[in-house]
Amino acid sequence: MARPLSLAADAIVEGWAVAHPLAGVHLTSGVAMVYGPRDEAELDTVAGLVVTAHACATGVMTTPNGWTPADQR
C-alpha cells in the first residue's frame with residue numbers, strides 16, 4: 001500500500017510491513033507490503049493501516065508537510 005514515507009516507516013519499524021523492493025526506484029518511496037492478519041486483533045491493526053492509506057490517497061488526511069499520495073498522480 002502507498003502511505004506517506006513517515007507512516008510507511010512507522011509500519012515497517014513496528015513489524016507490520018516491509019518496504020516494497022521497487023519503492024523509491026519505480027514506485028513512490030512510501031510503498032510497502034503489509035503482512036496479512038492472522039487473528040482479529042491483527043485484523044484491526046491492518047484495517048487501520050488501510051484506512052490511513054485511503055485517507056491519504058483521497059486527500060482526507062495529509063502529512064505535516066501537506067503531501068498526500070494523490071499528489072503523485
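A residue is called exposed when its relative accessible area is over 50%, and buried when that area is under 20%. These two words are used below for a predicted model.

The overall layout comes first. The chain contains two helices and two strands, and along the sequence they follow the pattern α-β-β-α. Of the 73 residues in the chain, 25% are buried. The chain exposes about 4,600 Å², and carbon and sulfur atoms supply 60% of that area. Contacts show how distant parts of the sequence meet: among contacts between residues at least 6 apart in sequence, 43% join residues at least 24 apart.

Next comes the salt bridge. A search of the whole structure finds one. Its partners are Glu42 and Arg38, whose closest N and O atoms are 2.6 Å apart. Are the two residues buried or exposed? Arg38 has a relative accessible area of 71%, so Arg38 is exposed. Glu42 has a relative accessible area of 13%, so Glu42 is buried. The salt bridge therefore joins an exposed residue, Arg38, to a buried one, Glu42.

The last stop is a patch on the surface. Which residues make the nonpolar surface patch? Leu22, Val25 and Leu27 make it, and the patch covers about 250 Å². Val25 can be placed within the fold: this residue lies in the loop between strand S1, residues 17–19, and strand S2, residues 32–34. Val25 counts as exposed because its relative accessibility is 59%.

Technical notes. Residues numbered from 1 in each chain as written. Predicted model: local features only at pLDDT ≥ 70, side-chain atom pairs only at ≥ 80, totals over all residues. Heavy atoms only, no water. Patch = residues over 30% accessible without salt bridge, like charges linked within 9 Å, V, L, I, M, F, W, Y side chains within 5 Å. Areas by Shrake-Rupley, 256 points an atom, 1.4 Å probe, with all protein chains shown as cover. Salt bridge = Lys/Arg side-chain N within 4 Å of Asp/Glu carboxyl O. Helix = DSSP H or I, 4+ residues; strand = E, 2+ residues; numbered from the N terminus. Buried < 20%, exposed > 50% of the residue type's maximum accessible area, 1.4 Å probe, protein only. Contact = heavy atoms within 4.5 Å.
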